[in-house]
Amino acid sequence: MNISFSVPPVCILHEDSTHPGGHWLPCAMTNPANNCLSLNAERTLEDIAVIWRDEGDDELPINRMTLTELRKSVWLVAHAIETLKLEKGSAIAIDMPMDINSVVIYLAIVLAGYVVVSIADSFAPDEISARLKISNAKAIFTQDLIIRGDRKLPLYSRVVDARSPMAIVIPTRGSSFSRILRDTDISWQSFLERAYASKEVEFVAVEQTTEAFTNILFSSGTTGEPKAIPWNLATPFKAAADAWCHMDIRKGDVVAWPTNLGWMMGPWLVYASLLNGASIALYNGSPLGSGFAKFVQDARVTMLGVIPSIVRAWKSANTTATYDWSAIRCFASTGEASNVDEYLWLMGRARYKPVIEYCGGTEIGGGFVTGSLLQHQSLAAFSTPAMGCSLFILGADGFPIPQSGPGIGELALGPQMFGASSTLLNADHHDIYFKGMPVWNGKFLRRHGDVFERTSRGYYRAHGRADDTMNLGGIKVSSVEIERICNSVDAGVLETAAVGVPPAGGGPERLVIAVVFKNPDKPITDLINLSASFNSALQKKLNPLFKVSEIVPLPSLPRTATNKVMRRVLRQQFSQGDQNSKL
């Protein structure tokens with residue numbers, strides 16, 4: 001991938017008995033953003049780096065930015081960030097849609113030696129506030145509004161309600177600010193004007209060791225507080241290596257994946273494209289409608305990433321019917337369990353190109369199990385551990401079953417994965433990932449928490465979470481977070497248990513809420529209204545994408561001897577109920 005180092009590593013991996021993951025590329029000095037912008041044998045200044053279109057401009061020509069233009073834009077923002085006089089290594093948040101501006105800002109923060117704090121643009125003020133506090137962010141980039149069709153969704157006001165530090169605010173296209181900015185905040189134009197004296201002057205990248213932080217992302221913990229996961233400078237190279245190895249992303253490719261910088265696939269898309277000499281394709285709008293389908297055609301996308309719920313929406317509305325997706329060489333899918341019929345339909349949109357299933361985690365910086373263009377694939381299944389990863393399925397005794405045979409159980413990972421996390425900001429990394437895990441060949445295995453099956457043909461299938469974290473529409477969330485909100489919705493509710501239930505036919509998990517009422521003799525009979533109340537509260541306080549599929553009244557919740565709710569038992573019972581209904 002033509003990665004350059006100002007100081008080369010003394011070795012690839014230094015093993016350390018006190019550090020299960022080892023130390024990768026020790027003593028090396030580099031900057032991943034600088035590598036995204038640098039020239040090499042595979043890239044020229046006139047190569048197209050970013051392709052984009054705004055929703056509503058679907059009949060206009062596509063926007064393109066060359067590497068020269070991207071470099072100058074990133075340099076200008078990096079110079080402007082320096083005028084804020086923040087200490088090097090400070091955290092700077094981004095809470096905005098993934099568009100050309102946010103990509104430029106992301107690269108500029110990393111280039112200048114600061115740490116990006118990733119916040120999804122769908123979060124409520126309390127969720128934004130929690131992430132800003134945990135990361136100790138010193139500033140935040142955001143925009144005034146998010147425009148989706150005819151709707152104008154507030155964003156800056158949510159950041160203000162979150163009591164954010166200084167905000168740099170970008171006006172939504174074609175609009176002035178909807179409200180007066182706080183005295184401490186800066187408009188985008190004023191921010192850039194601070195650095196106009198340095199316009200087109202190359203910004204000298206801040207080079208750091210590969211163990212320095214570059215990005216702080218968040219994944220749900222089991223205590224209700226989001227788990228703060230730092231990516232170090234090696235993690236971007238892990239993301240790009242996965243793309244190179246498993247999706248065959250290379251010079252001349254155009255890579256699109258509807259996502260956001262608040263989730264790991266946002267930074268993944270930046271590095272997977274630019275470090276491999278490909279173009280990033282960004283559609284600033286909803287990926288569900290015909291506008292996105294037309295963008296894929298007009299941009300000549302060659303690798304299209306999806307999540308299964310998007311595919312389901314396309315198939316249901318026949319959104320892609322009139323568009324030519326023949327430029328696609330392969331699809332990739334991540335975020336939730338796939339459905340065979342839907343993915344066969346998806347392949348048919350591009351003359352039956354393969355779908356590379358890709359499963360990983362924020363703390364890994366990419367995938368641990370995936371597909372490959374060099375192997376036979378099986379729909380909705382994984383064919384191989386990701387490059388550099390090793391997988392173990394734990395049996396009933398807690399130890400790995402033979403790797404050559406079929407089986408199902410909790411998945412464990414080999415500890416030495418390039419780019420994987422080695423610390424957490426607000427939790428004990430060793431306790432979460434290694435404590436209590438079995439030893440294999442002298443090394444503690446790494447906990448992941450998914451239940452996986454290895455089939456008799458050697459493929460892998462995912463069966464959801466083994467712990468109390470679920471996956472809703474590609475977003476990991478803990479049961480505790482959902483229950484905390486549902487418990488306070490209605491005075492008649494004593495307690496709730498939230499579980500993710502995979503449908504019998506395959507596909508993404510459904511959110512099912514088990515409810516115990518305070519007065520079992522007079523339970524709430526209008527479950528439709530209760531479900532609507534749950535949805536309203538969850539969407540307002542947690543995430544607007546979450547939706548309760550079913551409410552199940554119970555006289556009591558199953559508990560362990562130490563009074564812990566056994567959500568795994570509920571998940572199993574509700575899953576069996578789904579299978580019986582299907583039969």
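This passage describes cores, helices, cysteines and salt bridges in a predicted model.

The largest nonpolar core comprises 75 residues. Within this core, the residues with the most contacts are Leu-70, Leu-107, Phe-141, Phe-191 and Trp-268. Helix α3, which spans residues 100-111, supplies the largest share of the core, with ten residues. A second core, separate from the largest one, holds 27 residues. Tyr-283, Ile-328, Tyr-343 and Ala-350 are among its members. The surroundings of one residue of the largest core, Phe-191, can be listed in full. With residues up to four places away in sequence left out, Phe-191 touches Val-77, Ala-80, Ile-81, Leu-84, Phe-141, Ile-168 and Ile-186. Of these partners, Phe-141 is itself named among the core residues with the most contacts.

A transmembrane region is annotated in the unreviewed UniProt entry at residues 103-124. In the model, the C-alpha atoms at the two ends of residues 103-124 are 22 Å apart. Helix makes up 41% of this span, and strand makes up 18%.

Two further helices were examined for burial. Helix α8 covers residues 265-274, and ten of its ten residues are buried. The buried residues of α8 are Met-265, Gly-266, Pro-267, Trp-268, Leu-269, Val-270, Tyr-271, Ala-272, Ser-273 and Leu-274. Trp-268 also appears among the residues with the most contacts inside the largest nonpolar core. Helix α14 consists of 15 residues, 527-541. From its first C-alpha to its last, α14 reaches 21 Å, close to the 21 Å expected at 1.5 Å a residue. The buried residues in α14 are Leu-530, Ser-531, Phe-534, Asn-535, Ala-537 and Leu-538. The elements that cover these buried residues include helix α13 (479-486) and the strands β31 (493-501), β32 (510-517) and β33 (548-553).

Strand β15 (residues 226-232) contains Pro-230. This proline has a relative accessible area of 5% and is therefore buried. In sequence, Pro-230 and Phe-213 are 17 residues apart, while their C-alpha atoms lie 6.1 Å from each other in space. Phe-213 is also one of the residues that Pro-230 touches. The other contacts of Pro-230 are Asn-215, Ile-216, Ser-421, Thr-423, Leu-424 and Leu-425, again without residues up to four places away in sequence.

Zero disulfides are found in a search of the whole structure. For Cys-330, the closest cysteine sulfur belongs to Cys-245 and is 12 Å away, so the two are too far apart for a bond. Cys-330 counts as buried because its relative accessibility is 2%. Cys-486 is likewise buried, at 0% relative accessibility.

The count of salt bridges comes to 15. In one of them, the side chains of Glu-15 and Lys-443 meet at an N to O distance of 3.5 Å. This pair links distant parts of the chain, with Glu-15 in strand β1 (residues 13-16) and Lys-443 in strand β26 (residues 443-444), 428 residues apart. Glu-15 is partly exposed, at a relative accessible area of 47%, and Lys-443 is partly exposed as well, at 29%.

A salt bridge also joins Glu-200 and Lys-72, whose closest N and O atoms are 3.6 Å apart. Glu-200 lies in the loop between α6 (188-193) and β13 (208-209), and Lys-72 lies in helix α2 (residues 67-82), so this pair ties together parts that are 128 residues apart in sequence. Lys-72 counts as partly exposed, with a relative accessibility of 32%.

Arg-329 and Asp-253 form a further salt bridge through their side chains, at 2.6 Å from N to O. Arg-329 is located in the loop between α10 (308-317) and β19 (330-333), and Asp-253 in the loop between α7 (235-246) and β16 (254-256), so parts that are 76 residues apart in sequence are tied together. The two partners differ in exposure: Arg-329 is partly exposed, with a relative accessible area of 25%, whereas Asp-253 is buried, with 4%. Through salt bridges that share partners, Asp-248, Arg-250, Asp-253 and Arg-329 are joined into one network.

Note on methods:
Residues numbered from 1 in each chain as written. Predicted model: local features only at pLDDT ≥ 70, side-chain atom pairs only at ≥ 80, totals over all residues. Heavy atoms only, no water. UniProt positions renumbered as here; feature names shortened; annotations may be inferred. Helix = DSSP H or I, 4+ residues; strand = E, 2+ residues; numbered from the N terminus. Expected span 1.5 Å × (residues − 1). Buried < 20%, exposed > 50% of the residue type's maximum accessible area, 1.4 Å probe, protein only. Contact = heavy atoms within 4.5 Å. Core = buried A, V, L, I, M, F, W, Y, C linked by side-chain atoms within 4.5 Å. Disulfide = S-S within 2.5 Å. Salt bridge = Lys/Arg side-chain N within 4 Å of Asp/Glu carboxyl O.
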